[in-house]
Amino acid sequence: MSSMKFCRRCNNVLYPTEDKENKLLLYACRYCNHEEIADSSIVYRNKIHHSIQRRTRELENVAADPTLPRTKSVRCSQCNHGEAVFFKAPTKGEEGMTLVFVCCNPTCGNRWTD
């Protein structure tokens, strides 16, 4: 649930349920049968936070991904290779997106942002 809801009558947990006839989302108490209409349609949110090590492993083979766009208009600052794949990724600590480049040299794998 997005936040725990408790029964006004007996203070037990309210569980999401549905009123099929009226097509409403309700929260209901399993002990005293108290019901209330949900103020939001969200009953559960799963936020996944990956560690930096996992993100690094995911990006290791990104240069070999044939579905990503490629460019020859940039040069790698590490090995001077003239081709890179690129994609947009969330910016740390901000709500925007940033363009990430990954060197296509299989022995390099350098990553940088624009």
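## Order of helix and strands

Reading along the sequence, you will meet the elements of the protein chain in the pattern β-β-β-α-β-β-β-β. That makes one helix and seven strands. Please keep in mind that this is a predicted model.

The protein chain has 114 residues, and 25% of them count as buried. If you take the contacts between residues at least 6 apart in sequence, 22% of these join residues at least 24 apart.

## The three-stranded sheet

Let's begin with the sheet formed by S1, S2 and S3. It is an open sheet with the strand order S1-S2-S3 and antiparallel pairing. Strand S1 (14–19) and strand S3 (35–37) are the edge strands, each pairing on one side only. From one strand to the next, the twist averages 35°. As general background, strands of a sheet pair through backbone hydrogen bonds, in either a parallel or an antiparallel way.

S1 and strand S2 (residues 24–29) run antiparallel and are joined by six bridges. Two pairs are handy to find on screen: Pro16 has Tyr27 in S2 as its bridge partner, and Glu18 has Leu25 in S2. On the other side of the pairing story, S2 and S3 are antiparallel too, with three bridges joining them. Here Ala28 stands opposite Glu35 in S3.

## The two hairpins

Both connections in this sheet are worth a look. The hairpin of S1 and S2 has four residues between the strands, and Lys23 takes a positive phi near 55° in this hairpin. The hairpin formed by S2 and S3 has five residues between its strands. In that turn, Asn33 has a positive phi of about 65°.

## The annotated zinc finger region

The UniProt record, an unreviewed entry, carries the annotation "zinc finger region: C4-type" for residues 7–32. In the model, this stretch is 46% strand and 0% helix. The C-alpha atoms at the two ends of residues 7–32 are 9 Å apart.

## Lys5, a buried lysine

Lys5 sits in the segment before S1. Is Lys5 buried or exposed? Its relative accessibility is 18%, which is under the 20% cut-off, so Lys5 counts as buried.

What does the side chain of Lys5 make a polar contact with? The partner is the side chain of Asp39, at 3.5 Å. Setting aside neighbours within four places in sequence, Lys5 is in contact with Asn12, Val13, Leu14, Tyr27 and Asp39. Of these, Tyr27 is also the bridge partner of Pro16.

## Nonpolar cores

In soluble globular proteins, nonpolar side chains tend to be buried together. In this model, the largest nonpolar core has nine residues: Val62, Ala63, Leu68, Val85, Phe87, Ala89, Val100, Val102 and Cys104. Strand S5 (84–90) and strand S6 (97–103) are the elements that give two or more residues to this core. S5 provides the largest share, with three residues. A second, separate core has five residues, including Cys7, Leu14, Cys29 and Ala38.

To see how one member of the largest core is placed, try Val62. Leaving out neighbours within four places in sequence, Val62 is in contact with Leu68, Val85, Phe87 and Val102. As for the second core, its member Leu14 is also one of the residues in contact with Lys5.

Notes:
Residues numbered from 1 in each chain as written. Predicted model: local features only at pLDDT ≥ 70, side-chain atom pairs only at ≥ 80, totals over all residues. Heavy atoms only, no water. Pairing = 2+ DSSP bridges. Axes fitted to C-alpha atoms, helices over the stretch in contact; angles between N-to-C directions. Buried < 20%, exposed > 50% of the residue type's maximum accessible area, 1.4 Å probe, protein only. Polar contact = N/O pair within 3.5 Å; in protein donor to acceptor, adjacent residues only side chain to side chain. Contact = heavy atoms within 4.5 Å. UniProt positions renumbered as here; feature names shortened; annotations may be inferred. Core = buried A, V, L, I, M, F, W, Y, C linked by side-chain atoms within 4.5 Å.
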